[in-house]
Amino acid sequence: METYLNLLFSSINCTFAASKYTMDYAENILGTIGNTPMVKINKIIGDIPALVLAKYETFNPGNSVKDRMAVKMIEDAEADGRLKPGGTIIEGTSGNTGMGLALAAIVKGYKMVCVISDKQSKEKVDILRAVGSEVVVCPTDVAPEDPRSYYSVSKRLAEETPNSWYVNQYDNPSNAKAHYESTGPEIWKQTDGKVTHFVVGVGTGGTISGVGKYLKEQNPNVKIWGIDTYGSVFKKYHETGIFDENEIYPYITEGIGEDILPKNVDFSIIDGFTKVTDKDAAIYTQKLAKMEGFFLGNSAGAAIKGLLQLKEHFTKDDVVVVLFHDHGSRYVGKMYNDEWMREQGFVEEEA
Ligand SMILES: Cc1ncc(COP(=O)(O)O)c(C=O)c1O
């Protein structure tokens, strides 16, 4: 009798123990996008008195912030019929948007073609192929209107491929909208509304424009700073309204700067730009890994160096958020390769 009661009680306990938990899983890999951590930056910021926080986007399943906008662009295109069942998604991408699109294409049953420029790291091309994307590589050093440029090739492929959809992340409003709906609100919540400055690299402009618009709607005093690179038109255009072709020349930094004005860059919400050299961006990519344990991509190095260039803007009461776009694994043959760094002349001078 005693044994029977023991058994009964232990089985009741088991039932109670099991019911303490609810099943917790994503329906598919796309359900894990977003809600990325915020991490305090400690050493690399030197004597900046403000609290400086990294919005750490490599925790997305495609290892970059671009997963957010990739899924949003696809969902919006499905909703209004631009993308139809079994269709082919075509995009000119420096790799990260392609990765996000490729993951969504797998889950949703689309074909994916990425058109990429030849200055992008080999790892990015290999990674896109690993997730089932066809990759077309185009020369970097040609004008955007040149038929060989990756802008022109992606447009042409979209015209020639039946049942295809050209994403155009540069001018597609769903890009910035994704960050307005997810990245911006996350930053506001994670800082308890105390964020005073947002610093971020600018390429298509989706991240800065979406996050910037959301944060300024919550508090118009939040300052929005864009990180640009030498060889790009953004800073001069923002300051003078002049699109100066003399500003355009090839550069090494990946992910940021442009030789066009994408519709996703909302210059009206940006308070200022600072430009970072290729050398500084590469050296600071390494420094982030060595000083903070942040194994990140090249635009993160540019972003943190740009933030240091802006240090006189930050006081001890400020909460500065810098967004880091992508993961270091895509740059092991470049910014994390000492031989490559030496070949480029990216060697820090001894004090
Ligand atoms: C590594 C990296 N950093 C920064 C950016 C710029 O972000 P956005 O296009 O939202 O301006 C990109 C965009 O392609 C990127 O891939």
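## The ligand and its two-domain surroundings

The residues of the shell around the ligand fall into three nonpolar, 11 polar and two charged. Keep in mind as you look around that this is a predicted model.

Which residues come nearest to the ligand? Of the 16 residues around the ligand, these are Lys66, Gly203, Thr204, Thr207 and Ser299. Two of those names, Gly203 and Ser299, return in the table below, joined by His325. Each row pairs an atom of the protein with an atom of the ligand.

| Residue | Protein atom | Ligand atom | Distance |
|---|---|---|---|
| Gly203 | backbone N or O | oxygen | 2.7 Å |
| Ser299 | polar side-chain atom | nitrogen | 2.7 Å |
| His325 | side-chain N or O | oxygen | 2.9 Å |

So much for single contacts; next comes the cover as a whole. On its own, the ligand has 390 Å² of accessible area, and the protein covers 98% of it. The space that the ligand takes is the largest pocket.

Now for the domains. The protein chain is divided into domain 1 (32-60 + 173-344) and domain 2 (65-166). In the sequence numbering, domain 1 is thus given as two segments, 32-60 and 173-344, while domain 2 is given as 65-166. The contact between the domains takes 35 residues from domain 1 and 20 residues from domain 2. Taken over C-alpha atoms, the centres of domain 1 and domain 2 are separated by 23 Å.

Where does the shell around the ligand draw its residues from? At least three come from each of domain 1 and domain 2, so if you follow the shell in the viewer, you will meet both domains.

Note on methods. Residues numbered from 1 in each chain as written. Predicted model: local features only at pLDDT ≥ 70, side-chain atom pairs only at ≥ 80, totals over all residues. Heavy atoms only, no water. Near = heavy atom within 4 Å. Polar contact = N/O pair within 3.5 Å; in protein donor to acceptor, adjacent residues only side chain to side chain. Areas by Shrake-Rupley, 256 points an atom, 1.4 Å probe, with all protein chains shown as cover. 1 Å grid on protein atoms, 1.4 Å probe; cavity = no way out; pocket = protein on both sides within 12 Å on 5 of 7 lines; lining within 4 Å. Sits in = over half its atoms within 2 Å of the grid points. Nonpolar A, V, L, I, M, F, W, Y, C, P; charged D, E, K, R; others polar. Domains from an automatic or database assignment. Contact = heavy atoms within 4.5 Å.
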